[in-house]
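Biologist: Before we discuss this chain, could you put the sequence and the structure on display, so that we can go through them together?

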Amino acid sequence: RARAVEVQSELREMVRAMLPGVERATGLSFRRPPVLELRSRDQIRSYVIAKFDAELPPEELLGYQAALKLFGLIPDTLDLRRTLVNVLSEQIAGYYDPDSNVFYVAADLDRYTARVTASHELVHALQDQHLSLDSIMRQRRQNDRRVAAQTILEGQATLAQIPVLMPEQRLDTLPADWFWRLREVMAAQHAQMKEFAGAPLWVREGLVFPYLAGADFVNWYARKHSGRHPLGAAMPRSTEQILHPDRYESNDEPTTLQIVAAGGGADSIGYEDGLGEFEIRLLLTTLTGVEARAAVLAAGWDGDRYAVLGPDMEALVWYSVWDGETEARRFAVGLERAWTRRAGGRAGRRASIERVTIDGMPGVRLVDAPVDWKGWNAIPDAR
């Protein structure tokens, strides 16, 4: 116990000395210093479980997991809750808790890892004093917008910790996509982590994207808008804007789609949300195994919305709209090829991919459901 008290005291002194550097790196000021506490691995896992269950209560988890399986983003046999809890518990070295203004560090960290962790999580503590982190991350069924917001928060923390740890490093000398190039380095590191290495592509890339793509975007923003931050009203509203900063600069806002359940006794909507350009890339990469082609097919995205229907969450209806006819046609052809490859071995199911027009916008509709699904005669519409 005496050693634990000594370690905690050393870490608190390290954090206190780090605060001015974090303020300089972000251009923001602490209104109050965060409190640091040590946590065991079991305590960290308990925290991960509590946060997961709060953000995805059982009824939401059921629909979300069904959607991911219908898309083929995760295997039919995968337990989403167990997988994400195991991966996050393995990954987390420390975390900032917005509810208590406390910064927690794993008690078994060496000093170097603790310093790296502190430099990142202190930025989150600072962010929370200038905007509500919990309200941003608890947006219900606004997946792409939430991912975009998380990407900014993690990106700013990733970028800001560099001058804190290495004051001699000038951020304006880094190439535009320098962080995204680090994916191979991170992949090699993560390959040594059992839970992460065994997780589906959607899990692995979804965890890495906010840090690397976010840091590239925030670095770009700092060069274009000196002295300002992409926070609050300036936050990107889609992963398309993260992937293509020129779309952000030109105020290319995503189109919001609404799925309208058909009448005539058809199934009601059990769960709905959207993918966004980044997750469409992951979907097509998962289905085809060719990342570069997936990026081409997902380009030109303007909005999407899917619905899971049926008493057993067995039917998927997905609408997307595109910048133009060329982009919509390209995506429809690519999706049909990818989905046809996936359809093999899925006995008893039927899929339909069609070009549609939604309030004058070029769109694509995917329906995948059991052959005897009663909704085939009353497919939900979109507007």
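Biologist: In which loop does Asp-359 lie?
Modeller: This is a predicted model, and in it strand E8 covers residues 349–358 while strand E9 covers 361–370. Asp-359 therefore belongs to neither strand, and its place is the loop between E8 and E9.

Biologist: Is Asp-359 buried or exposed, and what is its relative accessible area?
Modeller: Asp-359 is not a glycine, yet its phi is positive, near 50 degrees. Most residues other than glycine have a negative phi. A residue counts as exposed when its relative accessible area is over 50%, so Asp-359 is exposed, with a value of 66%.

Biologist: What is the phi of Asn-251, and which relative accessible area does this residue have?
Modeller: Asn-251 is found in the loop between helix H12 (245–249) and strand E4 (259–260). Its phi is positive, about 60 degrees, although the residue is not a glycine. Asn-251 is exposed, and its relative accessible area is 59%.

Biologist: Phe-179 also lies in a loop; is it buried or exposed?
Modeller: The loop that holds Phe-179 runs between helix H7 (143–165) and helix H8 (183–190). Leaving out residues up to four places away in sequence, Phe-179 touches Thr-158, Leu-159, Ile-162, Leu-174, Leu-212, Ala-215 and Asp-216. Its relative accessible area is 3%, and since buried means under 20%, Phe-179 is buried.

Biologist: How many Å separate the C-alpha atoms of Phe-179 and Gly-155?
Modeller: In sequence, Phe-179 and Gly-155 are 24 residues apart. In space, the C-alpha to C-alpha distance between them is 9.7 Å.

Biologist: In the sheet built from E1, E2 and E3, what is the order of the strands?
Modeller: The sheet is open, with mixed pairing among its 3 strands. Strand E1 (35–39) and strand E2 (94–97) are the edge strands, each pairing on one side only, and neighbouring strands are turned by 25 degrees against each other on average, direction ignored. The order is E1-E3-E2.

Biologist: Which residue of E3 is the bridge partner of Tyr-95?
Modeller: E2 pairs with strand E3 (residues 102–106) in the antiparallel sense, over 4 bridges. Helix H5 (residues 111–128) lies across these two strands and runs at about 15 degrees to E2. Within E3, the bridge partner of Tyr-95 is Tyr-104.

Biologist: Which residues does Trp-339 contact beyond its neighbours within four places in sequence?
Modeller: The largest nonpolar core has 105 residues, and Trp-339 is one of those that touch the most other members, together with Phe-71, Leu-80, Trp-202, Tyr-306 and Trp-318. A second, separate core of 15 residues includes Leu-257, Ala-315, Ile-358 and Ala-382. With those sequence neighbours set aside, Trp-339 is in contact with Leu-70, Phe-71, Leu-283, Leu-287, Leu-316, Arg-346, Ala-351, Ile-353, Leu-366 and Asp-368.

Biologist: What is the radius of gyration of the protein chain?
Modeller: The chain has 15 helices and 10 strands. For its 383 residues the globule rule gives 21 Å, and the chain comes close to that, so it is as compact as a globular protein of that length. The radius of gyration is 22 Å.

Biologist: What percentage of the residues counts as buried?
Modeller: The protein chain exposes about 17700 Å², of which carbon and sulfur atoms supply 50%. Among contacts with a separation of 6 or more, residues 24 or more positions apart account for 72%. Of the 383 residues, the buried share is 53%.

Methods. Residues numbered from 1 in each chain as written. Predicted model: local features only at pLDDT ≥ 70, side-chain atom pairs only at ≥ 80, totals over all residues. Heavy atoms only, no water. Pairing = 2+ DSSP bridges. Axes fitted to C-alpha atoms, helices over the stretch in contact; angles between N-to-C directions. Contact = heavy atoms within 4.5 Å. Rg over C-alpha atoms; globule rule 2.2 N^0.38 Å. Buried < 20%, exposed > 50% of the residue type's maximum accessible area, 1.4 Å probe, protein only. Areas by Shrake-Rupley, 256 points an atom, 1.4 Å probe, with all protein chains shown as cover. Core = buried A, V, L, I, M, F, W, Y, C linked by side-chain atoms within 4.5 Å.
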